[in-house]
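Biologist: Hey, can you walk me through this protein? I'm new to this, so keep it plain.

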Amino acid sequence: MYRRKRRYRRSTKEKAKRIWMAFASMILITGMTGIFTFMAVVVLAAPKELGAQNILQWMDETRDVSSNEFLEGETDVSGNGLMAGMMDVSGNGILIGAMDVSGNGILIGAMDVSGNGIFAEAAKEPYIPLIVVDAGHGGEDVGCVEGGVAEKDVNLQIALLVKSALEEKGYRVMMPRETDEYLEKEERVELANSYQADAYVSIHQNTYEGTDKSISGIETWYDGSDDTRDSSRLAKLIHKATISSTEAVERELLECADFCVTGKTLMPACLIETGFLSNPQERALLSTTEYQEKIARGICNGIDLYFNPKTMYLTFDDGPSAECTDKVLDVLKEKGIKATFFLIGEYVEKYPEVARRIVAEGHTIGIHCYQHDYGVLYASKENFLADFQKAYDVIYQVTGVETKLFRFPGGSVNAYNKDVREEIIEEMTNRGYVYFDWNASLEDAAGENEPSQLIENAVSTTLGRKRIVMLAHDRVSNTALCLSELLEQFPEYKMEILTADTEPIQF
Ligand SMILES: [Zn+2]
């Protein structure tokens with residue numbers, strides 16, 4: 001356990017040390033003659049001001065790190081892989097080095113050591129999250145025992161399966177205990193905090209102390225009082241994914257800071273009770289490797305979605321409106337979410353302050369139309385283009401935004417634009433505009449729907465897809481009413497804004 005601790009802790013320092021050692025070897029190997037030749041080459045090539053940024057840029061420009069060919073003036077000290085170094089000993093005593101260690105990926109480091117001892121390093125390695133998988137109880141602390149099955153054993157068996165599932169997906173995993181040993185809760189938390197782990201999941205089994213032995217299912221706990229870390233999203237994802245992989249009874253997702261492991265950890269954390277040992281059927285299941293694997297897969301999928309969320313583009317049409325848009329903006333602001341608004345020109349004229357608020361709060365705007373009248377808009381290509389230009393000009397005058405995004409009223413395929421659709425798309429594309437349809441919807445423009453129905457529509461139309469453009473309308477009051485709750489339904493999605501570079505969703 002402690003051996004493991006040192007291994008994790010040393011990574012940054014170790015990297016720097018490795019780079020320094022590489023230089024030392026390089027200097028020995030090249031010898032003095034080599035260095036002088038080297039200096040001449042490098043001093044000529046180097047820019048005059050050598051800030052850390054400049055050094056990186058200069059390196060990128062002067063050397064080829066993607067191929068195995070070395071540039072002039074570089075040395076190859078092979079061992080674990082490729083290494084190339086460059087030195088610049090200028091009048092200011094600046095030393096610059098570069099390393100390329102191919103193998104598991106390319107690592108590039110740069111050091112800038114000035115007379116003041118300034119050190120800069122850059123590594124272009126993808127960051128690998130470290131997950132703490134905590135098997136509850138252990139040793140003399142057996143947890144609950146029912147029908148000869150001890151909680152500590154089931155916890156450990158599942159935790160080990162979670163570990164291998166995560167490692168298979170490329171995560172780093174640390175387990176406070178990997179054997180049947182006793183460990184204080186505080187010690188587990190301390191380990192996780194000292195490793196600066198990125199997520200913490202504690203695995204437990206439940207028991208019902210009353211007479212009803214039929215109670216079964218999964219419960220997940222997190223500290224809801226701490227909004228500085230995203231424990232609620234982690235808990236929701238693990239809860240949801242584990243219920244889906246096991247088809248177990250869904251019990252509560254509970255906010256509780258009392259558990260030491262969820263309350264005192266510094267990273268997103270949750271505690272999952274994967275079943276009831278007091279229920280004979282569930283106990284039998286929990287004792288099989290097959291069911292434990294289902295649980296492990298669920299926990300692993302939840303964690304993976306936490307770190308690799310899907311993408312959702314939240315879009316609002318037909319605004320700005322008198323009250324609704326402000327309410328929508330209030331919710332988005334509270335949740336720190338940015339969305340895209342396809343505006344109607346005549347309402348922008350009517351509510352210019354609201355349009356400016358949309359922009360001021362970092363949301364994207366696109367063009368819907370000037371006047372939302374299908375008959376007029378789609379009577380001809382010219383009509384459409386004239387209406388579009390009018391909307392464009394108003395939006396530019398009011399907000400100062402020159403947008404390239406638009407959305408067809410009624411979507412790109414509708415009952416009114418059959419005859420003009422193709423030529424409008426061709427002309428708009430030539431003019432550099434890009435249109436977005438949607439692939440999920442609240443269906444809030446289709447008649448009066450209760451807020452709960454709007455949420456159900458949104459959830460059921462996503463179908464678990466990786467990229468969602470969600471259609472909503474910021475002139476429907478029930479949409480504003482349900483928005484906060486609606487956004488809670490999508491922990492697996494990261495909300496993004498549309499840009500001209502976003503690959504469009506089109507019918
Ligand atoms: Zn519309």
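Modeller: Sure, here is a short tour, starting with the basics.
Modeller: This is a predicted model, where local features need pLDDT of at least 70, side-chain atom pairs count only at pLDDT 80 or more, and totals for chains, interfaces and linings use all residues. Residues are numbered from 1 along each chain as its sequence is written.

Biologist: Okay, how many helices and strands are there in the protein?
Modeller: The protein has 17 helices and 20 strands. These are DSSP runs numbered from the N terminus: helices are H or I with at least four residues, strands are E with at least two.

Biologist: And what share of the residues counts as buried?
Modeller: 40% of the 507 residues. Buried means 20 or more other C-beta atoms lie within 10 Å of the residue's own, with C-beta atoms placed from the backbone.

Biologist: Show me a sheet. What is the order of the strands in the open sheet of 6?
Modeller: The order is β8-β5-β9-β12-β10-β11, and the pairing is mixed. Two strands pair if DSSP finds at least two bridges between them.

Biologist: Which strands stand at the edges?
Modeller: β8 (172-174) and β11 (250-255); each has a single partner strand, so one side of each lacks a neighbour in the sheet.

Biologist: In what sense do β5 and β9 pair?
Modeller: Strands β5 (residues 130-135) and β9 (residues 199-206) pair in the parallel sense, over 5 bridges. V132, for instance, has Y200 in β9 as its bridge partner.

Biologist: Switching to helices: at what angle do α4 and α9 pack?
Modeller: Helix α4 (residues 151-168) packs against helix α9 (residues 289-307) at about 50°, and their axes are 8 Å apart. Axes are lines fitted to C-alpha atoms, for helices over the stretch in contact, and angles run from 0 to 180 degrees between N-to-C directions.

Biologist: Which residues meet there?
Modeller: On the α4 side, they include I158, L161 and V162; on the α9 side, I295, A296 and I299 are among them. Contact means C-beta atoms, placed from the backbone, within 7 Å.

Biologist: Last one: is β19 mostly covered or mostly open?
Modeller: Strand β19 (residues 467-473) is mostly covered, with 6 of its 7 residues buried.

Biologist: What joins β13 to β19?
Modeller: 7 bridges join strand β13 (residues 310-319) to β19, and the two run parallel. T315 has L471 in β19 as its bridge partner. Strand β18 (residues 440-441) also pairs with β19 in the parallel sense, over 2 bridges, and S441 stands opposite L471.

Conventions:
Two residues are in contact if their C-beta atoms, placed from the backbone, lie within 7 Å. A residue is buried if 20 or more other C-beta atoms lie within 10 Å of its own, exposed if 12 or fewer, and partly exposed in between; C-beta atoms are placed from the backbone.
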